[in-house]
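Q: Could we go through this one together, starting with the helix in the middle of my screen and then moving on to some packing and loop details?

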Amino acid sequence: ALVSKNDVRGHYNLAVEYYKKSDFKESEKALKSVLKLDTRYLNAHLLLGYVYGKTGRNDKSEISIRNALKIDPQNYQAQTALALLYFHTDRPELALRQVNILLTKAPDDKVLLGLSAKISLSGGDLRQASAGFRKIAARDPELKKFYESLRSEVPQEKKKSIRQKREKIET
């Protein structure tokens, strides 16, 4: 695709297309062209963070995401990207803190609720994880229906056993 040397949006759109095709090398090249033309192009910093993450360069990924946050500290997508980066780089405390900040802004965000529950589960906090998964199910009619169908399929004696185990865990 032909893009004018000074066409910021054209280079960015090209980077997005390369990213969608998993051509991270070309996407990175196009994003660097964008940032040479406009160092404050937030979405270019953010997408570059994703490119670095996809190619295993997590340190550079974090720098790019933080650069996006310097431009707009309240950017929801950049804040979410940072939480996900923390989670995928085994920094659950930082991930959970970031997710909790985001949940104060968007308490019904199923992705964040799921991430919070997953972080709790990976940390061994089954009670918190269970509470998180229940919140998700309560906000999603399809999940709620699925959850209820599972519960109705469990034999009575199994339900009693599960209830006893749950009570034991909660005490």
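**Helix packing and loops**

A: The buried residues of helix 3 pack against helix 1, helix 2, helix 4 (58-71) and helix 5 (76-88); please keep in mind that this is a predicted model.

Q: Which residues of helix 3 are buried, then?

A: The buried positions in helix 3 are L42, A44, H45, L46, L47, L48, G49, V51 and Y52.

Q: And how far does helix 3 reach from its first C-alpha to its last?

A: Helix 3 covers residues 42-54, which is 13 residues, and it reaches 19 Å from the first C-alpha to the last, close to the 18 Å expected at 1.5 Å a residue. Just after helix 3 comes G56, which takes a positive phi of about 75°.

Q: Switching to helix 1 and helix 2, at what angle do they pack?

A: Helix 1 (residues 8-20) and helix 2 (residues 24-37) pack at about 160°, and their axes are 8 Å apart. Angles over 145 degrees count as roughly antiparallel, and the two helices are therefore roughly antiparallel to each other. Their crossing is left-handed.

Q: Which residues make that contact?

A: Helix 1 contributes V8, H11, Y12, A15, Y18 and Y19, while helix 2 contributes F24, E26, S27, A30, L31, S33, V34 and L37. Sorted by class, this contact of helix 1 with helix 2 has 10 nonpolar, three polar and one charged residues.

Q: What about helix 5 and helix 7, how do they cross?

A: The axes of helix 5 and helix 7 (residues 110-122) come within 11 Å and cross at roughly 20°, which makes helix 5 roughly parallel to helix 7. This crossing, too, is left-handed. On the helix 5 side the contact is made by Y76, T80, A83, L84 and F87, and on the helix 7 side by L112, L115, K118, I119 and S122. These residues divide into seven nonpolar, two polar and one charged.

Q: Back to backbone angles: which residue in the loop between helix 1 and helix 2 should I look at?

A: Look at S22, which sits in that loop and has a positive phi of about 60° although it is not a glycine. S22 is partly exposed, with a relative accessible area of 48%.

Q: And D90, is that one buried or exposed?

A: D90 is exposed, with a relative accessible area of 68%. D90 lies in the loop between helix 5 and helix 6 (92-105), and it has a positive phi of about 55° although it is not a glycine.

Terms used. Residues numbered from 1 in each chain as written. Predicted model: local features only at pLDDT ≥ 70, side-chain atom pairs only at ≥ 80, totals over all residues. Heavy atoms only, no water. Axes fitted to C-alpha atoms, helices over the stretch in contact; angles between N-to-C directions. Helix = DSSP H or I, 4+ residues; strand = E, 2+ residues; numbered from the N terminus. Parallel < 35°, antiparallel > 145°, perpendicular 65-115°, else oblique. Left-handed = near helix turned anticlockwise from the far one by under 90°. Contact = heavy atoms within 4.5 Å. Nonpolar A, V, L, I, M, F, W, Y, C, P; charged D, E, K, R; others polar. Expected span 1.5 Å × (residues − 1). Buried < 20%, exposed > 50% of the residue type's maximum accessible area, 1.4 Å probe, protein only.
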